[in-house]
Amino acid sequence: MPVTDENLLGSDKAKLVMPDLTGAIALEDSTFARAVYQRLASEASIDAFLKKSRSYSLKERRWKLPQNSTRLFNGDFYTRVRNIVSSIMNHFWKDAMTQGTRQVVDTHTTDLQHSRSDPESHKSRPSLVIKAAGSSFQTPLPKTGETVTAVGFSNAASCIEIRCEGDDFPVEEQLVRATIYARQIFIHQPNRRYVRILVLSGHHLRVFHFDRSGVQYTPPLDIHEEPHTFVRLILGLSSPNESDIGLDATIFWLIRNGRKIVGGISMRGADDSETLYQLSRLEPLFCRTNICGRSTTCWSVLDGDTGEELLVKSSWRSEDRTSEHVYLKEAVGIPGVVQMVSCEPDRCQTLWFRGRHLAPAGLQNRVETRVLVKHYGFPITEFTSPKQLLWALRDAIAGHRALVKKGTLHRDVSIQNVLLGKPGAAPGDRGILIDFDMAIHYSADGFNPPSTSQIGTRLYQSAMVLSTKEAIYPLPHSHLDDIESFFYVFTNIIYAYDDRGVSQPLGGEVKQWTIQESEGLLGELKRAYLVVGNPLRKPICSRWPEEVVNVFYAFRDYLRPLARQKMILTDQEPEERAEEWKALLDHVDDHYDFVLQLFDKGIAALEKAEAEKVDVPATAHKALKRSGDDDSGSQPPLKRIKSP
């Protein structure tokens, strides 16, 4: 019997891929399957193969698979199908098979380890894997104590799932199983653009295609009635050309003993010239683990001329959204904001992978953009002193202000999107605002689209943005919402860390925000937090200097009437509130001036306190010393605990 997961549809593995199945498209016919690899082999070449193949009967016009399911079980159907697939590859890809760069492997009893970001117990056993070697593949790296395996998701060109005729294998389970395999291939091969999985149930085949727009799958196709289509699909999934199997060939590695040892990224300039950048790390600095969506991937690279470390960011936007590079171009020269070096917009579209003239109704086309930007410091959560934290927030807010003045609103201010400046950064660049995927062109005195809770990061969204579904007349997303988001970044850090950046158990109101599933209720919780203004709990206050706590209280007090006024306006018709709303936005400079002054005063107070400590007389220091300290010097620094 085939090896299967018990209760796959209810498993944790299935739950991880459910978001990627939203909007899955069931194609009405098999045109996609027939056309997608049409160019790889002509009718005549396939006829010639079928004529001499030992795996195909011209007389019976069928592949040599037992027609009876019992005979198929007894005859080891995995081996039968593997032999057919191998014969196709040997005929058309003889060099690749001889050199060992492509090989079909029976893996139905082999555990393929899932990503290290998934639970350790997560493994899968695809029936067959098309094993690949080349500039994008490497042999799996086993976990400590585990046996080395020759095949895994890191060197899988594709997977083929097989079930015998008569097996209970509903399309829902086929879809989930194929998505689990595809997700792992995307994670283990970060230069993947798309993945295609075949599911063979008896003599009926489905093609599951995955890209950053989601998944589409064909109706069952009879491999006996359409041998040419079956051959082309096998050729496409095993092609020696990495672009055919969905890999971005502009990202590549040098492989030694099966493992990546050095890599590079090629970027095309506005003049169509190509520049090669060496990867400073073999794996991405950041990579999303979902299939569908923006799928942002960031690579650290080195400038070959200067040796400067830069960052390459690839992401997939909805085709109706303005590309991030447009806003980055407008932000050039603004302190406190990520600086773009070059860009490669509109590199490709998911529409192209599905056939430009075959794209189904309902497809949300996504477009890839790649930008090269300056590399900055660590995330803001890696601060090591209260002053460094206030500096970073202050300069990022000032950068945000300059953006608004130039007509750009960020709309996704979050703890992930504020970085520390480089060590020794000049004032203005000690904190850096990044990631303009959600930005829009904005005018504080003009028309702006209504806000939506679908834009931004929930934990840091303003109370008003979170309440847009419940609001009668939602307000446009404004600079005030982003300023409030900066406050929630500050709040999260105050609750989750101490003044040296050491993580602490999260408690109080912020913990409730992290577990609240309803956007509307989360908006109410944040509004109450601003309006009621309860003092910070003693354990929190005790780990932060008074100067920082005072900035926090003053920031919250300033936002309170603004948040209340915005919520009142959401109950009024746009025409009725127009004058009052405009008057509120007209004070944009006042809003930023006040908040920046809060941080400037806090920083000055911290510096004054530091100076006063330095000025304490030496005799006072001696009086405070404990016995036995004379020969020990200072205590060793507390080891930094990384935030989970």
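K123 is partly exposed in this predicted model, because its relative accessibility is 26%. Burial would require a value under 20%, and exposure one over 50%. The residue belongs to strand β6, which covers residues 123–124. In sequence, K123 and T110 are 13 residues apart. In space, their C-alpha atoms are separated by 9.3 Å.

The chain as a whole combines helices and strands. Its secondary structure amounts to 20 helices and 24 strands. Along the principal axes, the C-alpha atoms fill a box of roughly 100 × 75 × 55 Å. The chain has 644 residues, and 54% of them count as buried. Its accessible surface is about 29200 Å². Carbon and sulfur atoms contribute 52% of that surface.

Contacts were also sorted by separation along the sequence. Among contacts with a separation of 6 or more, 69% join residues 24 or more positions apart. Charge was treated in a similar way for the whole chain. There are 79 positive and 82 negative charges. The mean positions of the two sets are 6 Å apart.

Helix α8 spans residues 227–237 and is mostly covered. Eleven of its eleven residues are buried. The buried set includes the charged residue R232. Also in this set are P227, H228, T229 and F230. V231, L233, I234 and L235 are buried as well, as are G236 and L237.

Two loop residues have positive phi values. N257 lies between β13 (251–256) and β14 (259–268). Its phi is near 55°, a positive value in a residue other than glycine. N257 counts as exposed because its relative accessibility is 77%. R411 occupies the loop between β21 (408–409) and β22 (418–420). Phi is near 75° for R411, again positive in a residue that is not glycine. R411 is buried, as its relative accessible area is 8%.

Helix α13, residues 479–496, contains S485. H479 is also placed in α13. H479 counts as buried because its relative accessibility is 0%. Beyond its neighbours within four places in sequence, H479 is in contact with V404, L409 and Y442. It also contacts L585, V588, H591 and Y592. S485 is buried too, since its relative accessibility is 6%. With residues up to four places away left out, S485 touches V413, Y460, Q461 and S462.

Aromatic pairing was then examined. The structure holds 21 aromatic pairs. One of them joins Y488 and W513, whose ring centres are 5.5 Å apart. Their planes stand at 85°, so the pair is edge-to-face. This pair links distant parts of the chain. Y488 is in helix α13, whereas W513 is in helix α14 (residues 508–515). The two residues are 25 residues apart. Both Y488 and W513 are buried.

Y488 and W513 also belong to a cluster linked by ring pairs. Its other members are F487, F490, Y529, F552, Y553, F555 and F599. F555 is found in helix α17, residues 546–569. At 0% relative accessibility, F555 counts as buried. Apart from residues up to four places away in sequence, F555 touches I483, F486, F487 and F490. It touches V595, L598 and F599 as well. F555 and L598 are 43 residues apart along the chain. Their C-alpha atoms are separated by 7.2 Å.

Lysine side chains also meet aromatic rings. K526 lies over the face of W513, at 5.6 Å from the ring centre. W513 thus has a ring partner in Y488 and a charge over its face from K526. In a second case, the charged end of K260 sits over the ring of W253. The distance from that end to the ring centre is 3.6 Å. W253 falls within the range given for strand β13, 251–256. K260 falls within that of β14, 259–268. The loop between these strands is the one that holds N257.

Terms used. Residues numbered from 1 in each chain as written. Predicted model: local features only at pLDDT ≥ 70, side-chain atom pairs only at ≥ 80, totals over all residues. Heavy atoms only, no water. Helix = DSSP H or I, 4+ residues; strand = E, 2+ residues; numbered from the N terminus. Buried < 20%, exposed > 50% of the residue type's maximum accessible area, 1.4 Å probe, protein only. Contact = heavy atoms within 4.5 Å. Areas by Shrake-Rupley, 256 points an atom, 1.4 Å probe, with all protein chains shown as cover. Charge placed at Lys NZ, Arg CZ, Asp CG, Glu CD. Phe/Tyr/Trp six-rings, centres within 6.5 Å; stacked < 30°, edge-to-face > 60°. Lys NZ or Arg CZ within 6 Å of the ring centre and 35° of its normal.
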